[in-house]
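Biologist: I would like to learn how to read charged contacts and surface features in a model such as this one. Could we go through them step by step, starting with the general idea each time?

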Amino acid sequence: ALWSSAFIYRSSLMGIDGKRYFCLFDDAMISMRYAWNFSAGHGLVWNAGEYVQGYTNLLMTLFMSVFTYLLDKSSAALGVQILGVLFVLLSALLSVNILKYIIKPSQQYYSVVRVATYSLVLFYYPLSYWSLMGMETGLLTALILSGVLFAFKSVEEGKPRFVLLTSMCFGLAFLTRNDSLIVFCLVCVYVLASWASMLNGRFGAYFVALVAIYLLFAIGQTAFQ
């Protein structure tokens with residue numbers, strides 16, 4: 001968090017009016033303009049009255065619209081950067097929780113691997129850089145890791161709520177970046193292989209629900225477009 005604070009400060013600019021201004025990466029500023037117009041009541045548009053989609057990260061743009069509604073432009077950019085810090089920290093925490101399903105806590109050196117996992121996520125500079133510069137990278141990473149964690153829980157515990165949460169997380173990831181579909185397909189292969197011998201019962205219904213709920217997000221976004 002201290003390193004992120006220094007990064008955000010160094011990425012800010014001092015204007016000719018003597019005020020400090022915070023800004024995002026150029027692609028993120030495009031999303032911010034859509035968010036600004038949306039929070040002002042003009043819709044998700046670049047210019048009022050021109051209905052052209054110029055963003056690829058709907059959910060992140062909607063997150064931005066909360067800041068643009070509550071704050072001025074520079075402060076809204078700072079708010080998005082702080083949100084990026086939280087997404088990176090959450091991603092590190094989720095990675096540690098996923099580790100328990102890959103390496104059993106009772107195994108030797110588990111505590112060392114646990115600390116290494118948490119640290120490596122935090123020290124992965126591209127994740128921090130793009131998240132703190134306002135891109136959807138941190139949000140997408142947190143959602144995908146959440147979906148993976150709930151997929152492991154679904155397979156191990158077989159509870160329907162984890163199936164629902166898996167679909168919800170990957171559905172929201174789809175709204176963040178459509179190409180996250182690739183990761184969801186891989187998770188479906190894992191879940192299908194894990195339940196292969198039990199698909200003639202309730203687990204078959206669980207798998208259908210997993211895919212169907214996810215498709216609602218994809219169809220819903222297409223209909224919205």
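Modeller: A salt bridge is counted when a side-chain nitrogen of Lys or Arg lies within 4 Å of a carboxyl oxygen of Asp or Glu. In this structure, which is a predicted model, Lys 159 forms such a bridge with Glu 157, and the closest N and O atoms are 3.7 Å apart.

Biologist: Are Lys 159 and Glu 157 buried, exposed or partly exposed?

Modeller: The term partly exposed covers relative accessible areas between 20% and 50%. Lys 159, with a relative accessible area of 34%, is therefore partly exposed, and Glu 157, at 36%, is partly exposed as well.

Biologist: How many salt bridges does the rule give?

Modeller: The count comes to three salt bridges. One of them pairs Glu 136 with Arg 177, with 3.5 Å between the closest N and O atoms. Glu 136 sits in the loop between α6 (125–132) and α7 (137–157), while Arg 177 sits in the loop between α8 (160–176) and α9 (181–194), so this pair ties together parts that are 41 residues apart in sequence. Glu 136 is buried, with a relative accessible area of 7%, whereas Arg 177 is partly exposed at 25%.

Biologist: Which residue meets Arg 177 in a salt bridge at 3.0 Å, N to O?

Modeller: That residue is Asp 179, which is partly exposed, with a relative accessible area of 42%. Salt bridges with shared partners thus join Glu 136, Arg 177 and Asp 179 into one network.

Biologist: Turning to the nonpolar surface, which residues make the patch there?

Modeller: The general idea is to join nonpolar side chains within 5 Å of one another, taking residues with over 30% relative accessible area. Here Leu 86, Leu 89, Leu 90, Leu 93, Tyr 118, Leu 122 and Phe 123 make a nonpolar patch of about 640 Å². Leu 93, in helix α4, is partly exposed at 46% relative accessibility.

Biologist: Which helices each supply at least two residues of that patch?

Modeller: They are α4 (73–99) and α5 (110–122), and the largest share, four residues, comes from α4.

Biologist: How should I place these features within the whole protein?

Modeller: One can begin with the inventory of elements, which comprises 10 helices and two strands, running α-β-β-α-α-α-α-α-α-α-α-α from the N terminus on. Of the 225 residues, 44% count as buried, and the protein exposes about 12300 Å², of which carbon and sulfur atoms supply 69%.

Notes:
Residues are numbered from 1 along each chain as its sequence is written. This is a predicted model: local features need pLDDT of at least 70, side-chain atom pairs count only at pLDDT 80 or more; totals for chains, interfaces and linings use all residues. Side-chain values use heavy atoms; hydrogens and water are left out. Patches are made of residues with over 30% relative accessible area and no salt bridge: like charges are joined within 9 Å, nonpolar side chains (Val, Leu, Ile, Met, Phe, Trp, Tyr) within 5 Å. Accessible areas come from the Shrake-Rupley method with a 1.4 Å probe; for residues, only the protein chains shown count as cover. Buried means under 20% relative accessible area, exposed over 50%, partly exposed in between (1.4 Å probe, protein chains only).
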